[in-house]
Amino acid sequence: GPRFTPTGVPTPSGGIKVGDLVQVVGTGVNGLNLRAGPARGQSVNLLALESEVFRVEEGPRDADGFRWWRVVDLRDPARGGWAVENYLAVVQGN
């Protein structure tokens, strides 16, 4: 299979799967809205900050032209929601 070196550096999205650890990337100071459901019209559960790490629990779902994954905080499973894949990168070596 494909080999990777555990560097801790995020890789481009596209290889996300349930169980992965993902980092919020590319949001700058704005952060990333984690929503109650996989659509832009859903209410926001949480504002995730740039470089925060979450575990992927569910997905993908395609809606509103985006691919969505449900992610949760490793330390507090109550913190989580549906996030757009464009702003998630898999954390290697975990």
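**Exercise 1. Find the distance between the side chains of Glu58 and Arg61, and say whether each residue is buried or exposed, or partly so.**

Step one is the pair itself: the side chains of Glu58 and Arg61 meet in a salt bridge at 2.9 Å, N to O, where a salt bridge is a side-chain nitrogen of Lys or Arg within 4 Å of a carboxyl oxygen of Asp or Glu. Step two is accessibility, for which buried means under 20% relative accessible area, exposed over 50%, and partly exposed in between, with a 1.4 Å probe and protein chains only. Glu58 has a relative accessible area of 25% and is therefore partly exposed, and Arg61, with 36%, is partly exposed as well.

The model is predicted, so that local features need pLDDT of at least 70 and side-chain atom pairs count only at pLDDT 80 or more, while totals for chains, interfaces and linings use all residues. Residues are numbered from 1 along each chain as its sequence is written, and side-chain values use heavy atoms, with hydrogens and water left out.

**Exercise 2. Work out which residues are linked in a network of salt bridges, and what the pair Glu52 and Arg79 ties together.**

Begin with the two contacts of Arg79: its closest N and O atoms are 3.2 Å apart in the salt bridge with Glu52, and 2.3 Å apart in the salt bridge with Asp73. Glu52 lies in the loop between S3 and S4 and Arg79 in the loop between S5 and strand S6 (80–84), so the pair ties together parts that are 27 residues apart in sequence. Strands here are DSSP runs (E, at least two residues), as helices are (H or I, at least four residues), numbered from the N terminus. Next, compare accessibility: Glu52 is buried at 17%, Asp73 is buried at 3%, and Arg79 is partly exposed at 24%. The network links Glu52, Asp73, Arg75 and Arg79, and the count of salt bridges comes to 8.

**Exercise 3. Describe the secondary structure of the chain, and then find which strands pair with S1.**

The chain has 0 helices and 7 strands, and from the N terminus its elements run β-β-β-β-β-β-β. Two strands pair if DSSP finds at least two bridges between them. S1 and S4 meet this rule with 3 bridges in the antiparallel sense, and Val22 has Phe54 in S4 as its bridge partner. S1 and S7 also run antiparallel and are joined by 3 bridges, with Gln23 standing opposite Ala89 in S7. As for the faces of S1, Leu21 and Gln23 on one side and Val22 and Val24 on the other are all buried, so that both faces are covered.

**Exercise 4. Identify the residues with the most contacts inside the largest nonpolar core, and trace what Val71 touches.**

A nonpolar core is a set of buried Ala, Val, Leu, Ile, Met, Phe, Trp, Tyr and Cys residues joined through side-chain atoms within 4.5 Å. The largest one has 14 residues, and those with the most contacts inside it are Ile16, Val22, Leu32, Leu34, Phe54, Val71 and Leu88. The elements that give two or more residues to this core are strands S1 (21–24), S2 (32–35), S3 (44–48), S4 (53–63), S5 (66–73) and S7 (88–90). For Val71, take contact as heavy atoms within 4.5 Å; not counting residues up to four places away in sequence, Val71 touches several residues, among them Val22, Leu34, Phe54, Arg79 and Leu88. In soluble globular proteins, nonpolar side chains tend to be buried together.

**Exercise 5. Locate Thr27, and decide whether it is buried or exposed.**

Thr27 is found in the loop between S1 and S2. Its relative accessible area is 8%, and Thr27 is therefore buried. Leaving aside neighbours within four places in sequence, Thr27 is in contact with Leu32, Glu50 and Tyr87.

**Exercise 6. Find the cis peptide bond at Pro60 and the phi values of Ser51 and Asp64.**

The peptide bond from Gly59 to Pro60 is cis, with omega near -5 degrees, and Pro60 has its place in strand S4. Ser51, in the loop between S3 and S4, has a positive phi near 75 degrees although it is a residue other than glycine. Asp64, in the loop between S4 and S5, has a positive phi of about 55 degrees and is likewise not a glycine. Ser51 counts as partly exposed at 42% relative accessibility, and Asp64 is partly exposed at 43%.
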